[in-house]
Amino acid sequence: EELIARSIAPVKAQYICTPPPLSVVKEKKSKRQLKRERKQEKGSVLNICPHIAKSGNVDACRFGSNCRFNHDLGAFLAQKPADLEGICPFCPYGVSCRFFNTHKTKSSEINNLKKEVQKLLWKNKFKFPKADAELKLRGLELRPSKKAKELILKPHIRERKLIDFRGKLYLAPLTTVGNLPFRRICKVLGADITCGEMAMCTNLLQGQASEWALLRRHSSEDLFGVQICGAYPDTITRTAELIDQECTVDFIDINMGCPIDIVVNKGAGSSLLTKPMRIKNIAQAASSTISKPITLKVRTGYFEGRNRIDSLISDISYWGVSALTVHGRSRQQRYSKLADWDYIYQCAKKAPDVMQILGNGDIFSYVDWNKHTSECPELSSCMIARGALIKPWLFTEIKEQRHWDISSCERLNIFKDYVNFGLEHWGSDTKGVETTRHFLLEWLSYAHRYVPVGLLEVIPQRINWRSPGYVGRDDLETLMASDSAADWVRISELLLGKVPEGFTFAPKHKSNAYDRTENG
């Protein structure tokens, strides 16, 4: 009881060990240093021309001597890193592939950005007839002001195709780690609904390929949505029309809960919680422009102790929104403290029947899922976020109603599947291998927080419990429990071979929920 009160996992005494000293994280490289390294990489013989790599013919490049890539095929093959074991999952990379001679040529991904569409977006010549007409109708063709015309919404919500979220396991849109390969893992393990990572509207409208990559969908994602984030009705509405026209999605989710400073300072994310009229204009314009369902993801409010979403619930349903996900924390809380599920219940009970309410926050076992769905029948479903990052087999546990004491070998097989999916998605050349390694390490920075069921005195594990430092039932389980980035790199080397010389890794996230000082 004392350990649980201090949010420390009650691990059985025979597995407890003194935690090793914290590893020293190397300082991040400066922008100047990174720029210099990129320039050196471009001049390297390993930077082979993709046309030559694909064909194996030095005359295949139409740019000839003006090409910015290396054309010395012999020098490239002499310095190319050793091939990896296994079969190439998908390969347009030719001799640069790290699984040479085992190539496939068919991809199972859709929602790629067409080159002609990208050029129109670059030149600001892409037409948005539906969005522009709706914005003009509502007096929102320019940035909204106090003089913006208020119009009554037509009842589009009953005319559009609706998605039934009731009882379905919904994997939340997760920045960085919630990429397509990870979503495929969750689908295999039982997720019903998946959603792409948050994409910024302005970047999509500018045709940025890196942002459009967030919209890609795998054929196994049978119920799939994308999440967009913007500050104004015009950018969000045009983005919704663009996605509706160019992508195959089942719904579009608008983020109104992101707490990150760089997003909030631009007036997007949870900043919108302080502007209910802006929320109204965005929801009405977007839902009236496209026929696909529009959903919103929000927090309880902007400031802690000043919840306000419950007062907007009945209005939101008349603004054309099909479903609303409520994360039980304020923007000020970010991810610290536990989610306020009593307030989520309060929102669900106030919602009219026409709009579905989903709860989000701290679900980490089938017990949590059962508790929330039984205590509030008005909830359509629950969204699973960080719990899936730490143990993606949570979806299996919920469907089979059991605590899965998963072995280290079974966990390693899940990571192997992720690596294969990553090589198919990011590429099987050296760049694709290292990109896959990077995202695997980002995932491991969450996954090491899992404490095996067989080691706990009390089950199930709570999401805010911290590990006291323990040894596993075998060496691999001990390795997977390490909070050292060096050990995560060792796990990546089991699956992707040795890291390049001078390789370093520091996780992108710094979650408040696991900060040692703040949590005592």
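1. A quick definition to start: two strands count as paired if DSSP finds at least two bridges between them. Keep in mind that this is a predicted model. With that settled, have a look at strand S6 (residues 251–256) and S7, which pair in the parallel sense over five bridges. For one contact to find on screen, take Met256, whose bridge partner in S7 is Val298.

2. What does S7 pair with besides S6? Strand S8 (residues 323–327) also pairs with S7, in the parallel sense and over five bridges. Here you can pick out Lys297, which has Thr325 as its bridge partner in S8.

3. Now for S7 itself, residues 294–299: six of its six residues are buried, so the strand is largely enclosed by the rest of the structure. In a regular strand, side chains alternate between the two faces of the sheet. In S7, Ile294, Leu296 and Val298 point one way, while Thr295, Lys297 and Arg299 point the other way, and all are buried. Don't skip over Lys297 and Arg299 in that second set; they are buried too.

4. On to charges. Side chains of opposite charge can pair when their charged atoms come close. How many salt bridges are there? The count comes to 26. One of them joins Arg334 to Asp261, with the closest N and O atoms 2.5 Å apart. That pair links distant parts of the chain: Arg334 sits in the loop between S8 and helix H14 (341–350), Asp261 belongs to helix H11 (residues 261–264), and they are 73 residues apart.

5. Are Arg334 and Asp261 buried or exposed? Arg334 is partly exposed, at a relative accessible area of 26%, and Asp261 is also partly exposed, at 40%. The two are also part of a network of salt bridges that links Asp261, Arg331 and Arg334.

6. Another one to check is Lys350 with Asp310, a salt bridge whose closest N and O atoms are 3.0 Å apart. Lys350 is in helix H14 and Asp310 in the loop between S7 and helix H13 (313–317), so this pair links distant parts of the chain, 40 residues apart. The two ends have their own burial classes: Lys350 is partly exposed at 43% relative accessibility, whereas Asp310, at 13%, counts as buried.

7. Last, Asp362 and Arg386 meet through their side chains in a salt bridge (3.4 Å, N to O). Asp362 lies in the loop between strand S9 (356–360) and helix H15 (366–375), and Arg386 in helix H16 (residues 386–390), so the pair ties together parts that are 24 residues apart in sequence. Both Asp362 and Arg386 are buried.

Terms used. Residues are numbered from 1 along each chain as its sequence is written. This is a predicted model: local features need pLDDT of at least 70, side-chain atom pairs count only at pLDDT 80 or more; totals for chains, interfaces and linings use all residues. Side-chain values use heavy atoms; hydrogens and water are left out. Buried means under 20% relative accessible area, exposed over 50%, partly exposed in between (1.4 Å probe, protein chains only). Helices (H or I, at least four residues) and strands (E, at least two) are DSSP runs, numbered from the N terminus. A salt bridge is a side-chain nitrogen of Lys or Arg within 4 Å of a carboxyl oxygen of Asp or Glu.
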